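Welcome, and thanks for opening the viewer. Let us walk through this structure one selection at a time.

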Amino acid sequence: MAILSTPRSAVQLASKGRPLKEHLFRVALLASLAIALLFLAMLLVYVVQEGWPRLNSMLWENQPSIRRPETSGIQSGIFGTLWIIALTALMALPTGILAAVYLEEYADKTKWYNKLIELNISNLAAVPSIVYGILGLGIIARWMQFGFTVMTGAITISLLVLPIVIISAREAIRAVPPSIREGSLALGATQWQTIYRQVLPASIPGIATGSILALSRAIGEAAPFLMLGAATLVRFNPEGVWSSFTVLPLQIYSFITRPQAEFAVLAAAAIVVLLAILLLMNSVAIWLRNRYQKRW
């Protein structure tokens with residue numbers, strides 16, 4: 001008993017100085033969080049107050065107009081944003097998740113080409129969005145002759161968020177305990193059956209969160225669309241992937257540069273709508289994460 005009590009007492013003596021440091025560290029973390037939430041709340045209150053007079057049905061029912069700001073709307077920007085986000089999700093999410101599965105479950109980490117792929121993915125995640133806009137303009141719009149269409153914008157934004165999707169999906173897959181894989185393989189399942197029925201369902205919360213965060217970045221981008229030549233004033237909704245388009249960030253940029261005070265109010269109301277779409281997407285991610293965490 002004396003031998004067992006000695007290490008325990010030593011640990012207790014060594015941990016006497018920890019509570020104060022841990023308390024100070026916790027206070028610093030809470031203070032940082034409070035400051036961030038305070039500035040976010042101030043920004044939201046300011047934007048809602050500025051755009052409140054235009055937060056009515058005319059905002060999403062009418063098309064934009066530069067002559068009548070009091071009746072101008074943002075319908076074309078809303079539909080263009082939804083088109084871009086939907087196509088981006090269809091292209092980037094399956095590609096990114098499958099690439100993450102390959103890199104985590106199948107790739108040989110000792111091969112030089114797998115190391116090169118991982119290095120390039122990490123580097124591409126830090127590339128500024130304007131560079132992707134130049135890529136989309138030179139290759140997709142002109143060389144591939146897709147023009148300044150919804151498809152061009154969706155492909156460009158997909159390339160922008162693809163590294164983020166891959167990295168977040170890899171982290172979620174890596175977080176699955178190895179015992180799940182080992183137990184499935186021990187019961188006779190193949191590697192693909194183990195991944196499809198055990199690993200992927202267990203990693204859905206992390207994958208969903210990372211994917212929605214990547215799409216949230218895409219929904220607020222304006223620089224790539226400016227490089228692609230997307231119009232800031234489009235008075236019709238996209239009818240397909242080969243239609244001209246505009247997005248909410250470009251419309252907000254166009255409104256805020258107008259000298260009339262009514263356009264500043266309209267821009268604030270459009271920001272509120274953009275934030276509402278963003279919060280809705282994040283709410284879906286939180287719901288998916290909580291649902292699958294209860295299962296696993």
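Start with the whole chain: of its 296 residues, 38% are buried. Keep in mind as you look around that this is a predicted model.

**The whole chain**

Colour the chain by secondary structure. You will find 12 helices and 0 strands, so to speak a pattern of α-α-α-α-α-α-α-α-α-α-α-α when read along the sequence. Now turn the model around. Its C-alpha atoms fill a box of roughly 90 × 50 × 35 Å along the principal axes. The radius of gyration is 25 Å, whereas a compact globule of 296 residues would have one near 19 Å.

Switch on the surface for a moment. The chain exposes about 17,300 Å², and carbon and sulfur atoms supply 68% of that area. If you display contacts between residues at least 6 apart in sequence, 73% of them join residues at least 24 apart.

**The main core**

Next, select Ile74 and Ile84. In the largest nonpolar core, which has 37 residues, these two touch the most other members. Helices α4, α7, α9, α11 (248–256) and α12 (261–295) each supply at least two residues of this core. Which helix gives the most to this core? Select α12, which contributes 10 residues.

Stay with Ile74 and show what surrounds it. Leaving out residues up to four places away in sequence, Ile74 touches Leu59, Asn62, Leu248, Gln251, Phe255, Ala270 and Val273. Apart from this core lies another one, of 10 residues, with Ala100, Ala169, Ala172 and Ile173 among them.

**Helix α11**

Now select α11. Why can this helix be called largely enclosed by the rest of the structure? Because 7 of its 9 residues are buried. Those buried residues are Leu248, Pro249, Leu250, Gln251, Ile252, Ser254 and Phe255. Leu248, Gln251 and Phe255 may ring a bell, as Ile74 touches them.

**Salt bridges**

Time to look at charged side chains. Side chains of opposite charge can pair when their charged atoms come close. How many salt bridges does a search of the whole structure find? The search finds 6.

Select Arg170 and Glu104. They form a salt bridge whose closest N and O atoms are 2.8 Å apart. This pair links distant parts of the chain, with Arg170 in helix α7 (residues 150–174) and Glu104 in helix α4, 66 residues apart. Are Arg170 and Glu104 buried or exposed? Both are buried.

Move on to Arg181 and Glu105, another salt bridge, with the closest N and O atoms 2.9 Å apart. Here too distant parts of the chain are linked: Arg181 lies in helix α8 (residues 178–186) and Glu105 in helix α4, 76 residues apart. Both Arg181 and Glu105 are buried.

For one more pair, select Glu221 and Arg217, whose side chains meet in a salt bridge at 3.3 Å from N to O. Glu221 is buried, because its relative accessible area of 13% is under 20%. Arg217, at 27% relative accessibility, counts as partly exposed. To finish this stop, highlight Glu104, Glu118, Arg170, Glu171 and Arg174, which are joined into one network by salt bridges that share partners.

**A buried threonine**

Select Thr194, which lies in helix α9. With a relative accessible area of 3%, Thr194 is buried. Setting aside neighbours within four places in sequence, Thr194 is in contact with Arg181, Ser184, Leu185, Ala189 and Val199. You have met Arg181 already, as the salt-bridge partner of Glu105.

**A nonpolar patch outside**

For the last stop, return to the surface view and select Tyr102, Tyr106, Trp112, Tyr113, Leu116, Ile117, Leu119, Trp192 and Tyr196. These residues form a nonpolar patch on the surface, with about 980 Å² of accessible area together. Helices α4 (75–106), α5 (112–124) and α9 (191–219) each supply at least two residues of the patch. The helix that gives the most is α5, with 5 residues.

Zoom in on Leu116, which lies in helix α5. Why does Leu116 count as partly exposed? Its relative accessibility is 40%, and partly exposed covers values between the 20% limit for buried and the 50% limit for exposed.

How values were computed:
Residues are numbered from 1 along each chain as its sequence is written. This is a predicted model: local features need pLDDT of at least 70, side-chain atom pairs count only at pLDDT 80 or more; totals for chains, interfaces and linings use all residues. Side-chain values use heavy atoms; hydrogens and water are left out. Patches are made of residues with over 30% relative accessible area and no salt bridge: like charges are joined within 9 Å, nonpolar side chains (Val, Leu, Ile, Met, Phe, Trp, Tyr) within 5 Å. Accessible areas come from the Shrake-Rupley method with a 1.4 Å probe; for residues, only the protein chains shown count as cover. A salt bridge is a side-chain nitrogen of Lys or Arg within 4 Å of a carboxyl oxygen of Asp or Glu. Helices (H or I, at least four residues) and strands (E, at least two) are DSSP runs, numbered from the N terminus. Buried means under 20% relative accessible area, exposed over 50%, partly exposed in between (1.4 Å probe, protein chains only). The radius of gyration is taken over C-alpha atoms; the globule rule is 2.2 Å times the number of residues to the power 0.38. Contact means heavy atoms within 4.5 Å. A nonpolar core is a set of buried Ala, Val, Leu, Ile, Met, Phe, Trp, Tyr and Cys residues joined through side-chain atoms within 4.5 Å.
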